[in-house]
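Please find below a colleague's note for a reader who is new to this structure. The points are numbered, and they take up salt bridges, pockets and the core in turn.

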Amino acid sequence: RSGKAVAEAFDKAGLAGFESLIRSRFEAIPSEERFDRRRWSDVLRAIYLSQRNPVAYEALAEQTGLDARDCMALATIFVSRKPDVALAWVDRGIDLERTTPHGSGAGYDLGRLRRELLTRLGRGDEALDAAWVEYRKNPSKFSFDDVMKVVPKADRAAWREKALNAAKGAD
């Protein structure tokens, strides 16, 4: 079972006890045994995400190697109550994704969440600029949909035409 499914199976007290057990197993594994450490750290990450515990999650991620997926997880913890903090985690994750040779797969989700947060924070123009840059890099139905999500309703016809013109000649 995934760590997330296991974390969701417990009530608050049970999850705290399970976290303690997994933490002790994780700490007992020598650092050179990467597979087992990663497996238990993934379970701990799921627990901390379920608990919405950014302090414990960040400490574990820093200990084991923070990556873009961690930034996405931390952003989701803050997204509803502290969108500015969530945006800072998203931006950090995007920076990490750029420097990772093969990426982590979190890039699209980070970009989508970044646009949503920018819009919520009253920075819709930045969200539109970001969506447009992505569309220009890779014109597709999906990137077109991302642009249209952040275009003001009154401007959608003009942006649709602009997007179609920009896509001419693209694969």
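Which residue's side chain meets that of Arg38 in a salt bridge?

1. The model discussed here is a predicted one, and the question above is a convenient way into it. The partner is Asp67, whose side chain meets that of Arg38 in a salt bridge with an N to O distance of 4.0 Å. This pair links distant parts of the chain, since Arg38 sits in helix α3 while Asp67 lies in the loop between α4 (54–64) and α5, the two being 29 residues apart. The partners also differ in class of accessibility, because Arg38, at 29% relative accessibility, counts as partly exposed, whereas Asp67, with a relative accessible area of 15%, is buried.

2. The bridge between Arg38 and Asp67 should be read together with its surroundings, for a network of salt bridges links Arg38, Asp42, Asp67 and Arg69. In the structure as a whole, the search finds 15 salt bridges, and two further pairs are described in the points that follow.

3. Arg45 is found in helix α3, and it forms a salt bridge with Asp70 in which the closest N and O atoms are 2.7 Å apart. Because Arg45 belongs to helix α3 and Asp70 to helix α5, the pair ties together parts that are 25 residues apart in sequence. Both partners are buried: Arg45 has a relative accessible area of 5%, and Asp70 has one of 2%. When its neighbours within four places in sequence are left aside, Arg45 is in contact with Arg38, Tyr57, Leu60, Ala61, Thr64, Gly65 and Asp70, a list that includes its salt-bridge partner Asp70 and also Arg38, a member of the network described above.

4. A pair with another arrangement is that of Lys141 and Asp145, which form a salt bridge with the closest N and O atoms 2.8 Å apart. These two residues are 4 residues apart in helix α9, and so they are separated by about one helical turn. Neither of them is classed as buried, given that Lys141 is exposed, with a relative accessible area of 56%, and that Asp145, at 27% relative accessibility, counts as partly exposed.

5. How much space lies in the largest pocket? The volume comes to about 510 Å³, and of the 20 residues that line this pocket, the closest to its centre are Gly107, Gly111, Arg115, Glu134 and Lys137. Two or more lining residues come from each of the elements α6 (83–99), α7 (107–120), α8 (124–137) and α9 (141–150), and among the contributors α7 gives the most, with 6 residues. By type, the lining divides into 5 nonpolar, 5 polar and 10 charged residues.

6. The second largest pocket holds about 210 Å³ of space, and its lining brings back several residues from the earlier points. Among the residues that line this pocket are Arg38, Asp42, Arg45, Asp67, Arg69 and Asp70, together with others such as Tyr57, Met72 and Thr76. The elements that give two or more residues to this lining are α3 (34–51) and α5 (68–78). The lining is made up of 5 nonpolar, 1 polar and 6 charged residues. A reader can therefore look at the pocket and the salt bridge of Arg45 and Asp70 together, because both partners line the pocket and the pair ties helix α3 to helix α5.

7. Turning to the interior, the largest nonpolar core has 46 residues, and those with the most contacts inside it are Ile47 and Val147. Helix α5 gives the most to this core, with 8 residues. Val147, once its neighbours within four places in sequence are set aside, is in contact with Leu128, Ala131, Trp132, Tyr135 and Trp159. As a general background, nonpolar side chains tend to be buried together in soluble globular proteins.

8. One point of backbone geometry deserves a careful look. Arg52 has a positive phi of about 55°, although it is not a glycine. Its place is in the loop between α3 and α4, and with a relative accessible area of 38% Arg52 is partly exposed.

Note on methods: Residues numbered from 1 in each chain as written. Predicted model: local features only at pLDDT ≥ 70, side-chain atom pairs only at ≥ 80, totals over all residues. Heavy atoms only, no water. 1 Å grid on protein atoms, 1.4 Å probe; cavity = no way out; pocket = protein on both sides within 12 Å on 5 of 7 lines; lining within 4 Å. Points joined across faces, edges and corners; volume = space filled by probe spheres on them. Nonpolar A, V, L, I, M, F, W, Y, C, P; charged D, E, K, R; others polar. Buried < 20%, exposed > 50% of the residue type's maximum accessible area, 1.4 Å probe, protein only. Core = buried A, V, L, I, M, F, W, Y, C linked by side-chain atoms within 4.5 Å. Contact = heavy atoms within 4.5 Å.
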